[in-house]
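Trainee: Could you take me through the surroundings of the ligand, one step at a time? I would like to see how the protein holds contacts with it.

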Amino acid sequence: MDKHTIDELATYVLQAEREKREIVKITDTLYPNLTIDEAYLVQEELVTRKLAEGLQIVGPKMGITSEAKMKQMNVTDPIYGYVFNNMIVEEGAAVSVEDYIHPKVEPEIGFVLARDLEGPGVTALDVLRATDYVFPALEIIDSRYENFNFTLPDVIADNTSAAGAVFGTYLRRPDELELDVVGVTLSINGEIQALGAGAAVLGNPANSVARLANMLSKKGEKVKAGQPILTGGLTAAVRLEPGDYVQAKYGGLGEVSFFVKA
Ligand code: 0L1
Ligand code: MG
């Protein structure tokens, strides 16, 4: 893929994000044969442009980490993208749906490493040994594509629908929990909308961090100590509506919440 096309596709997705409007997915007509490797080149360009604008990467995020989602999309690998500082929502704060296109929320387990992890060959055990702490998180996803309708390359080029993140302040060392059986409920205005457990994320969220390290190693990068890592949704994502109070409660990992302005 030539540089001109990479630039064109990055501009296409970035403008939709800035203007908060849905776009037809890239693979419909703009570039039907977009491959996964090419999609990561578009994502890299998008990241480079955000950094050039003065934004900062807070940490990486993993997506398509559940067996159900992988089967649905007919893929075997999860995907990664990046959370930027302008996406961070303070715990207990209020967001406005007008700042997004069609936002959804999903509960996740976040990791912070005490030391860098460099693939290939990183295992879940390596991750757990390198982990400083885990924490509860809510991710706001907002695909720039109409109706969240995309192929895997489309969503990679769109920085894996990253739009917001709320990091809870309840921190636990990973050996204080069995992460695969940490349960979660996602409630909106006090009513449970979805529930799940850590095992929904590649069997254990530690596997997700290992996969991230191994995927990043293909371009000579590592997972860095100190950066919060979003490991993937524990439940299906739920659409946000004005007036929502969103709360995720975890077994042994506290809770995290935010509001949506009415
Ligand atoms: O964080 C995620 O799992 C989102 C990945 C992209 C899929 C989606 O937008 O539903
Ligand atoms: Mg997510």
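Mentor: Happily! A polar side-chain atom of Glu 139 lies 2.8 Å from an oxygen atom of ligand 1, where a polar contact is a pair of N or O atoms within 3.5 Å; within protein, one must be able to donate a hydrogen and the other to accept it, and residues adjacent in sequence count only if both atoms are side-chain atoms. Lys 61 has a side-chain N or O atom 2.8 Å from a ligand 1 oxygen, and for Lys 69 the distance between such atoms is 3.2 Å. The protein covers 96% of the 300 Å² of accessible area that ligand 1 has on its own (areas by the Shrake-Rupley method with a 1.4 Å probe; for residues, only the protein chains shown count as cover).

A word on the source: this is a predicted model, in which local features need pLDDT of at least 70 and side-chain atom pairs count only at pLDDT 80 or more, while totals for chains, interfaces and linings use all residues. Residues are numbered from 1 along each chain as its sequence is written, chains are lettered from A and ligands numbered from 1 in the order in which they are written, and side-chain values use heavy atoms, with hydrogens and water left out.

Now the wider shell. Around ligand 1 there are 13 residues, of which Lys 61, Lys 69, Glu 106, Glu 139 and Ser 161 come nearest; a residue is near if one of its heavy atoms lies within 4 Å. By type, the shell holds six nonpolar, three polar and four charged residues (Ala, Val, Leu, Ile, Met, Phe, Trp, Tyr, Cys and Pro are nonpolar, Asp, Glu, Lys and Arg charged, and the others, Gly among them, polar). Strand E1 (57-63) gives the largest share, three residues. The elements that give two or more residues to this shell are E1 and strand E5 (131-141); strands (E, at least two residues) and helices (H or I, at least four) are DSSP runs, numbered from the N terminus.

Two backbone details round off the tour. Asn 147, in the loop between E5 and helix H5 (152-157), has a positive phi of about 55° although it is not a glycine. The peptide bond from Gly 119 to Pro 120 is cis, with omega near 0°, and Pro 120 is in the loop between strand E4 (104-113) and helix H4 (124-130). Most residues other than glycine have a negative phi, and most peptide bonds are trans.
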